[in-house]
Amino acid sequence: MTQSLLSLSVTELAERVRGGAVPAVEIADQSLRAIRERSDLNAFCHVAEESALAAARRLDEQRRGGRPLGKLAGVPIALKDALCTHDQPTSCGSRMLLRSGDDGREHGWRSPYDATVVERLRAEGALLVGKANMDEFAMGSSSETCVYGPTRNPWDPERIPGGSSGGSAVAVAARLTSAALGSDTGGSIRQPAAHCGVVGVKPTYGRVSRYGLVAFASSLDQVGPMARDVRGAARVLEVIAGHDPKDSTSADVPVGDYEAACERGVSGLRFGVPAEYFGDGLDPSIRAAIEGVIAKIEAAGCTVTPVSLPHTDYGVATYYILATAEASSNLARFDGVRFGKRVEAPGADLQAMYGASRNAGFGREVKRRILLGTYVLSAGYYDAYYAKAQRVRTLIRQDFDRVFQDVDVLITPTSPTVAFRIGERLDDPLAMYMADVYTLPASLAGIPGISVPCGLTTVQDGRDSSPELPIGVQLLCPMFEEERLFAAAAGVEELVRAT
Amino acid sequence: MARTYEPVIGLEIHAQLLTASKLFCGCSTDFGKPPNSNVCPVCLGLPGALPVLNERAVRLAVRAALALNCSIVETSIFARKNYFYPDLPKGYQISQYELPFSEKGWLDIEVEGRKKRAGITRVHMEEDAGKNVHGRGGDSLVDLNRAGTPLVEIVGEPDLRSSAEAAAYMRAVRDILVFVGVNDGNLEEGSFRCDANVSLRPLGETTFGTRVELKNINSFRFVQRAIDAEIARQTVILDGGGQVLQETRSFDPESGKTASLRSKEEAHDYRYFPDPDLPPVVIGEALVEEERAAMGELPSQVRRRWVDELGLTEAAAQTLSQHPGYVRFFEGVRAQVPGLEPKKIANFMQTEVLRGAVVQGQRVSFSVSEGQLAELLTLLDAGTISGKQAKEVFALVEGTDQSPKAVVAERGMEVVSDAGELESLLRDLIARNPKQVESIRAGKKQVMGFFVGQVMKATQGSADPKVVSELLEKLVTES
C-alpha cells in the first residue's frame with residue numbers, strides 16, 4: 001500500500017469512504033503507520049491504535065450494512081492533547097497530569113468523559129488516531145514546553161512548528177492525518193498553521209463548545225480545525241460548531257454552510273489592510289508574500305483599502321494580563337488532591353503538599369503565567385491591571401467594529417516571522433510573546449480568523465540559508481461571519497495556487 | 001473606670017436553596033447519600049468541565065430576596081473567589097461579588113415586645129463547598145456531595161445591638177425562607193448557618209469599633225452565646241485599655257469561648273474576578289413577578305390577617321405561623337368548617353394538634369387529617385361532646401383514619417345533656433352537700449366547680465360542663 005490516501009483532502013477522503021471506494025481500515029492503517037514512521041517529529045504523545053482501528057472496522061461494517069456514513073467517515077484526525085477523551089489519556093503537555101501507574105510508568109490523566117467536539121467528530125465517523133503534542137497547558141508559541149519534549153517542524157526539523165497546537169499542525173503538514181483539532185487562545189491554531197504550511201481556523205468566540213477543552217483562558221479559548229485545504233477545515237468546523245447546552249458561553253447561532261461558502265470565492269468582497277500589521281518587526285519576505293496576495297486580490301477585481309486599528313499595539317500587554325489572570329484561576333484545580341501529580345513528604349501538611357505538587361507538576365512558563373495572573377488580580381492591583389486591561393480589550397474590539405463598517409475582510413500576515421529555531425526564544429519570554437502579535441487582537445475581540453498558506457521563503461541562518469519555510473496569510477471577519485471567512489479564504493487559496 | 005459599650009452586630013447567613021439539582025450541574029442535592037456519589041465532572045472540578053446555571057436556583061434566590069424586601073438587580077455577575085482547600089474542587093468558589101442579583105432589603109424583628117427594623121445589604125447566589133472528614137492517623141477525606149449545592153448568602157447591615165436581637169433576626173430569616181419554600185430551615189444538617197460580625201463602641205459613639213468575625217454558627221442558641229462571649233471578651237480588652245484585633249474567630253460551645261482562627265494579616269486575598277465561564281445573569285421582570293406571586297403570604301402578613309380579621313391572639317398567631325405547614329393545616333380546617341370560630345380551631349391546634357406534628361424541612365406530618373379535626377371540632381361546637389371528651393377522641397383518632405363521629409358513636413360518648421337526668425343527679429348532690437350550697441349562696445362561685453366535677457365523674461365525663469353549671473346555678477338559687 002502506498003501512503004497516497006493521506007494526500008487526499010478531507011472532503012475527497014470522506015467521499016471515497018462513503019462511496020465504498022476505500023475501506024476506512026486501510027486509511028487508519030496508513031495513518032497509524034505514518035505516525036510511527038515520523039515519530040522523530042514528536043507530533044503525538046499518545047497513539048490510539050486499537051480504538052482507531054476498531055472505529056474504522058465499525059465504519060466499514062456500517063457501510064457494508066448499507067447504513068449511511070457521517071460527513072467525516074474514515075477521516076483520520078489528530079486531537080490536541082488539551083481535549084478530553086474517555087478512551088485516550090489527556091495530559092495537556094504537562095507533568096501535572098501524569099501519575100505513576102501500577103506498572104511504575106507515568107500515565108496521563110484518564111477523563112471519564114469526551115469533550116463535546118470529540119463526541120461530534122465521533123458521531124460523524126472521524127478516526128481519532130491520537131493526541132497531539134502541545135505547549136504545556138497551551139502556554140507557548142513553539143510547542144517546546146511540552147513534557148514529552150519539543151515537536152519538530154517537518155519543513156525543517158531544527159525548527160519549531162509554532163504553538164501551542166504544534167503537534168496538530170505537524171500531523172496535518174506531514175500527512176500523518178488529514179485534519180486536526182487545535183485550540184486557539186491568542187494564536188495557537190493560526191500561528192502553527194502558518195509555520196507548518198496548513199490551514200488553521202480560530203472560530204468566533206462561542207462558535208464551538210469549550211466543554212472538555214482543558215481551560216487556559218476561558219474568555220479567549222476556542223477549539224478550531226486544521227487541514228491542508230480551506231474546504232477540509234470548513235467541513236470539520238461544520239461538524240464541531242454549534243450551540244452546546246454544556247457550555248454557557250457557546251452561542252445559540254445557527255451554523256452556516258461553510259463548505260458551500262468555499263465555492264463563492266473573493267468576488268465582491270471588500271478587503272482592508274491594517275497598517276499596524278505591517279510595521280517594524282515584520283520579516284521582509286513575509287511582507288512581500290502578503291503584498292503579493294493583496295495584488296492578486298486586487299487583480300481579481302476586489303477593492304482593497306488601507307485601514308487602521310489604532311489599539312493594536314496594546315494587544316500583547318492586554319492579552320498577557322487577561323489570559324494570565326484567568327489561567328491563574330483555571331489552573332488552581334491542579335492541586336494534587338483529586339487527580340494528576342501529587343507530591344507529599346511524610347508528615348508534611350496540606351500547604352506543603354500543594355506547594356510540592358504544583359512545583360513538581362508545572363513547568364517554568366506555566367509557573368511564570370500563574371504568578372503574573374495571581375499578581376494582576378491581587379488586592380490593590382486589580383484596577384491598575386485587570387480592570388484596565390478589560391477596558392483596553394473593549395477598545396480593541398471597537399477598532400474592529402469600526403473598520404468592519406467599511407470592509408468585509410481584513411488581510412494581514414499571521415506571524416511576523418517564519419518558524420524560528422528550537423531553543424532560540426525559550427529564555428526570552430518577551431520575544432516568544434511577540435510571535436503572536438498579529439493573532440492576539442482578533443482573540444481579544446472574539447472575531448474569527450484563518451491562516452492560509454501563501455508562499456515559501458528561506459531565511460539566512462548563520463552562513464547557511466534555511467530550507468524553504470511556509471508563510472501564512474491571516475484573514476479576519478466580524479463575529480459569526482465564518483461563511484464569509486471561508487469564501488474569502490478559499491478564494492485566496494485559489495489565487496495563491498494559480499501562480 | 002469601666003465604660004458602657006454598645007455592641008454592633010451584623011449577620012451573614014448562608015441558606016441552602018431547595019433545588020433538586022446543584023447550582024451548576026445536574027447532580028442531586030440529596031442529603032445523606034454515600035460520600036462522593038452525587039458528583040460529576042462539573043462539581044468534581046475536572047479539567048475541561050464547565051458550569052451551567054440552574055434556573056430553578058435563580059428563581060428560588062429571587063423569591064428569597066423578595067421575601068426579604070430586597071430589590072432585584074436585572075443584570076448581575078458571577079465571580080470567582082479564589083482560594084485553595086481540598087473541599088473546594090476548582091480552587092475557587094463561584095459566587096457573586098461586585099454585582100449581586102439583589103440588594104437593599106429589610107426585615108422586622110421583635111425582642112421583648114420591642115419592634116425593630118434591620119437592614120439587609122444584599123442577597124447573592126453562590127455554590128457550597130464539599131466537606132472534609134478528618135479521620136484517624138492524620139488522614140483527611142473529602143466528600144464532594146455537597147460541593148456545588150446552591151446557596152443564598154444574606155448579608156445583614158450592622159443594625160443589631162444585642163445577642164438577643166441577633167438570634168431574633170436569625171430566626172426571622174429562617175422562618176421567612178422556610179415559609180416561602182426556598183429553604184428547609186434545617187440547622188443541624190447545615191442547610192442554614194451564619195457568621196456574625198461583632199464590634200463594640202462606647203455608648204453614644206457613632207463610628208464603628210474593630211470588628212471580629214465569628215464563623216459557622218449553626219444554632220439559634222449558639223449565635224446568642226457566641227456573641228455574648230465575644231462581647232465579654234472585647235469588653236475586657238477595651239476596659240484594660242487594649243485594642244481589639246480584626247480577625248476571624250470560632251465559637252466553641254463546650255468552653256463557651258471564642259478562639260482565633262486567623263488574623264487580618266493571615267486573611268485570604270480572594271482575587272475576585274468575573275467568572276468568564278458564565279455570562280451575566282439577566283433576571284427579567286416576568287420572572288420576578290412570577291416569584292412574587294409564588295411567594296404568597298409572609299409570616300408577618302399571615303399574623304396580621306389572623307389577628308385583625310379572625311380575632312386570634314398575637315400569641316396564637318405567632319405559634320401557628322411558625323411553619324407554612326401549620327398555616328396550611330389551620331386554613332384547611334377553617335375552610336371545612338366556615339361557621340366555626342377560628343379561635344376555637346387555633347386553641348385546639350395549639351393545645352393538641354401541634355404536639356403530634358413533626359416538622360421535616362418544608363414538610364409537616366400531623367397525627368390527624370384536616371378532615372378529622374374539622375369533624376371533631378364540629379362535634380365539640382355542637383355540644384355533642386365536651387371539651388374533655390374532644391381531647392379523648394382526638395387521642396383515639398390520632399395516627400388512624402377513623403372518623404371522630406364514628407368513635408363517639410361507638411363508645412356512646414355523646415354528652416349527657418338530658419336536663420332531666422342531670423337535674424336528678426344535681427338535686428341529689430345538693431341535698432348531700434348543704435355546706436357547699438351555702439358557700440355558693442354566700443357568693444363563693446368557685447365552689448360550683450365541686451358540683452360540676454362530681455357530675456362529670458358520675459357521667460364519666462360525658463356531661464357538658466357548661467350545661468351543668470347553668471343548671472346548678474338555677475337549682476341553687478331556687479331552692
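**Entry 1: a strand pair in chain B**

In which sense do strand E4 and E5 of chain B pair, parallel or antiparallel? I looked this up in what is a predicted model. Strand E4 (residues 79-82) of chain B pairs with E5(B) in the antiparallel sense, over four bridges. I noted one of the partnerships: B:Asn82 has B:Tyr92 of E5(B) as its bridge partner.

I then looked at the sheet to which these strands belong. It is an open sheet of three strands in the order E5-E4-E15 (chain B), with antiparallel pairing. Strand E5 (92-95) and strand E15 (273-274) of chain B are at the edges with a single partner strand each, so one side of each has no neighbour in the sheet. I also found a helix of the other chain here: H10(A) packs on this sheet and touches E4, E5 and E15 of chain B. The direction of H10(A) makes about 60 degrees with that of E4(B).

**Entry 2: the interface of chains A and B**

I next turned to the contact as a whole. Chain A contributes 39 residues and chain B contributes 32 residues. The two chains bury about 2,700 Å² between them, and 59% of this is on carbon and sulfur atoms. On the side of chain A, I recorded A:Ser248, A:Arg333 and A:Arg338 as the residues that lose the most area to chain B, together 22% of what that side buries.

For polar links, I found 18 residue pairs in polar contact across the interface. The rule finds one salt bridge there. A:Arg210 and B:Asp277 meet through their side chains in a salt bridge, at 3.0 Å from N to O.

Which helices of chain A each supply at least two residues of the side that touches chain B? They are helix H10 (315-330) and helix H11 (350-361). H10(A) gives the most, with five residues. By class, I listed 21 nonpolar, ten polar and eight charged residues on this side of chain A.

**Entry 3: the sheet of chain A**

Finally, I traced an open sheet of eleven strands in chain A, ordered E1-E5-E2-E6-E8-E7-E12-E15-E11-E9-E10, with mixed pairing. Strand E1 (44-47) and strand E10 (303-307) of chain A each have a single partner strand, so one side of each is left without a neighbour in the sheet. Neighbouring strands are turned by 30 degrees against each other on average, direction ignored.

At the E1 edge, three bridges join E1(A) to strand E5 (residues 127-132) of chain A, and the two run antiparallel. A:Phe44 has A:Ala132 in E5(A) as its bridge partner. Helix H3 (residues 49-64) of chain A lies across E1 and E5 of chain A, at about 160 degrees to E5(A).

Note on methods. Residues are numbered from 1 along each chain as its sequence is written. Chains are lettered from A and ligands numbered from 1 in the order in which they are written. This is a predicted model: local features need pLDDT of at least 70, side-chain atom pairs count only at pLDDT 80 or more; totals for chains, interfaces and linings use all residues. Side-chain values use heavy atoms; hydrogens and water are left out. Contact means heavy atoms within 4.5 Å. Buried area is the accessible area (1.4 Å probe) that two parts lose on being put together, summed over both. A salt bridge is a side-chain nitrogen of Lys or Arg within 4 Å of a carboxyl oxygen of Asp or Glu. A polar contact is a pair of N or O atoms within 3.5 Å; within protein, one must be able to donate a hydrogen and the other to accept it, and residues adjacent in sequence count only if both atoms are side-chain atoms. Ala, Val, Leu, Ile, Met, Phe, Trp, Tyr, Cys and Pro count as nonpolar, Asp, Glu, Lys and Arg as charged, and the others, Gly among them, as polar. Two strands pair if DSSP finds at least two bridges between them. Axes are lines fitted to C-alpha atoms, for helices over the stretch in contact, and angles run from 0 to 180 degrees between N-to-C directions.
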